Amino acid sequence: MSNNSLPLKELSIKDVFNGSENVKYEIPIYQRNYAWEKDEIAALVRDVWDACEKKKSAYYIGTLVTYDKGDSTFEVIDGQQRLTTLFLILKAMEREVRNKLTYRA
């Protein structure tokens with residue numbers, strides 16, 4: 001059995017959208033369309049808000065699985081719904097978002 005380890009990183013929302021290098025997250029054509037509605041979005045916002053009110057130093061928001069395509073482009077394998085929702089919320093709040101989110105479909 002080989003001792004290969006996965007290149008896992010723990011990132012904050014700030015790191016995902018405004019990390020030290022400009023990154024492009026690419027949603028491939030095989031991913032389902034964005035489907036979250038009011039209930040899913042509200043649950044995510046409520047969970048993050050509750051963690052902030054409890055002054056948690058960290059809050060696990062879920063997994064983002066990507067494939068490094070090179071040239072700072074990452075194909076999103078899992079986590080597209082959360083990633084898109086957070087991107088839309090940040091844009092609606094007029095927050096800086098340096099990294100790009102693109103769709104192949």
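Trainee: Is E26 buried or exposed in this predicted model?
Mentor: The model is predicted, so the answer is a computed one. Buried means under 20% relative accessible area. E26 has 6% relative accessibility, so E26 counts as buried.

Trainee: Which residue forms a salt bridge with E26 at 2.5 Å?
Mentor: Look for a side-chain nitrogen facing the carboxylate of E26. The closest N and O atoms are 2.5 Å apart, and the partner is K69.

Trainee: How many residues apart in sequence are the parts that K69 and E26 tie together?
Mentor: K69 lies in strand β2, residues 65–70. E26 lies in strand β1. The pair therefore ties together parts of the chain whose separation in sequence is 43 residues.

Trainee: Is K69 buried, partly exposed or exposed?
Mentor: Partly exposed covers values between the 20% and 50% cut-offs. K69 has a relative accessible area of 40%, so K69 is partly exposed.

Trainee: Where does R104 lie, the residue that forms a salt bridge with E26?
Mentor: The closest N and O atoms of E26 and R104 are 4.0 Å apart. The pair links distant parts of the chain, 78 residues apart. E26 is in strand β1, and R104 is in the segment after β4 (100–103).

Trainee: What is the relative accessible area of R104?
Mentor: Exposed means over 50%. R104 is exposed, and its relative accessible area is 55%.

Trainee: How many salt bridges does a search of the whole structure find?
Mentor: E26 pairs with K69. E26 also pairs with R104. The side chains of R98 and E96 meet as well, at 3.6 Å from N to O. The search of the whole structure finds three.

Trainee: Which residues are joined into one network by salt bridges that share partners?
Mentor: R98 pairs with E96. R98 is partly exposed at 36%, and E96 is exposed at 53%. The network formed through shared partners joins E26, K69 and R104.

Trainee: Which element supplies the largest share of the largest nonpolar core?
Mentor: This core has 13 residues. Elements that each supply at least two of them are α1 (13–18), β1 (24–27) and α3 (80–92). The largest share is four residues, and it comes from α3.

Trainee: Which residues have the most contacts inside that core?
Mentor: In soluble globular proteins, nonpolar side chains tend to be buried together. Take Y25 as a case: leaving aside neighbours within four places in sequence, its contacts include V16, L64, F74, V76, L83 and L101. The residues with the most contacts inside the core are F17, Y25, L83 and L101.

Conventions
Residues are numbered from 1 along each chain as its sequence is written. This is a predicted model: local features need pLDDT of at least 70, side-chain atom pairs count only at pLDDT 80 or more; totals for chains, interfaces and linings use all residues. Side-chain values use heavy atoms; hydrogens and water are left out. A nonpolar core is a set of buried Ala, Val, Leu, Ile, Met, Phe, Trp, Tyr and Cys residues joined through side-chain atoms within 4.5 Å. Buried means under 20% relative accessible area, exposed over 50%, partly exposed in between (1.4 Å probe, protein chains only). Helices (H or I, at least four residues) and strands (E, at least two) are DSSP runs, numbered from the N terminus. Contact means heavy atoms within 4.5 Å.
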